[in-house]
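Dear colleague,

Please find below the structure for your consideration. I should be grateful if you would read the notes that follow with the coordinates open beside them.

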Amino acid sequence: MTPADSTANDRFSDAAPARNCTKGRLLVGIEACSSAHHWARELTKFAHDVRLTPPIYVKPYVKRGKSDTIDAEAICEAVIRYNLR
């Protein structure tokens, strides 16, 4: 399914996460927070490799400002470079 095949309502439906999680084994990086353990368990059910990263390890990779895109980029860097603390 490509983004053009789905509608805005379909992308945010309850079935969307399950459909997107069945595309193969992925490395998923999540910044540890109150709900991160729940989502890690849910993603592990689909055989994904989930890595929880404490916010203190993500902070050095934030380059500017605060937005979801910038946070996602910082989490990605922190997960990939997990041995650099």
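The notes below cover confidence, helix α5, the nonpolar core, the salt bridges and aspartate 49.

Confidence

Please bear in mind that this is a predicted model. The mean pLDDT of the chain is 79, and 71% of the residues score at least 70. Confidence varies between the elements: strand β2 has the highest mean pLDDT, at 92, whereas helix α1 (residues 8-11) has the lowest, at 50.

Helix α5

Helix α5 comprises 13 residues, from 68 to 80. The distance from its first C-alpha to its last is 18 Å, close to the 18 Å expected at 1.5 Å a residue. Within α5, the buried residues are Ile70, Asp71, Ala74, Ile75, Ala78 and Val79. These residues lie on the same side of α5, because the arc they cover around the axis is only 165 degrees. Thr69 and Ile80, by contrast, are exposed on the other side of the helix. Which elements cover the buried residues of α5? The cover includes strands β1 (27-31) and β2 (49-53), together with helix α4 (55-58).

Nonpolar core

The largest nonpolar core consists of 5 residues, namely Val58, Ala74, Ile75, Ala78 and Val79. Helix α5 supplies the largest share of this core, with 4 residues. As general background, nonpolar side chains tend to be buried together in soluble globular proteins.

Salt bridges

The structure contains 5 salt bridges, and I describe some of them here.

Glutamate 73 pairs with lysine 63 in a salt bridge whose closest N and O atoms are 2.8 Å apart. This pair links distant parts of the chain, since glutamate 73 belongs to helix α5 and lysine 63 to the loop between α4 and α5, 10 residues apart. Glutamate 73 has a relative accessible area of 33% and is therefore partly exposed. Lysine 63, with a relative accessible area of 59%, is exposed.

Arginine 81 and glutamate 77 also form a salt bridge, with 2.9 Å between the closest N and O atoms. Arginine 81 counts as partly exposed, because its relative accessibility is 39%. Glutamate 77 is likewise partly exposed, its relative accessible area being 24%.

A further salt bridge joins the side chains of lysine 45 and glutamate 42, at 3.2 Å from N to O. Lysine 45 counts as exposed, because its relative accessibility is 62%. Glutamate 42 has a relative accessibility of 27%, so this residue counts as partly exposed.

Aspartate 49

Aspartate 49 is located in strand β2. Is this residue buried, partly exposed or exposed? Its relative accessibility is 29%, and aspartate 49 therefore counts as partly exposed. Once neighbours within four places in sequence are set aside, aspartate 49 is in contact with Arg25, Leu26, Leu27 and Val28. As for leucine 26, its C-alpha atom is 6.1 Å from that of aspartate 49, although the two residues are 23 residues apart along the chain.

When you inspect the model, I would suggest beginning with the buried side of α5, where Ala74, Ile75, Ala78 and Val79 are among the buried residues and also belong to the largest nonpolar core.

With kind regards

Methods:
Residues numbered from 1 in each chain as written. Heavy atoms only, no water. Helix = DSSP H or I, 4+ residues; strand = E, 2+ residues; numbered from the N terminus. Expected span 1.5 Å × (residues − 1). Buried < 20%, exposed > 50% of the residue type's maximum accessible area, 1.4 Å probe, protein only. Arc of directions from axis to C-beta. Contact = heavy atoms within 4.5 Å. Salt bridge = Lys/Arg side-chain N within 4 Å of Asp/Glu carboxyl O. Core = buried A, V, L, I, M, F, W, Y, C linked by side-chain atoms within 4.5 Å. pLDDT = per-residue confidence, 0-100.
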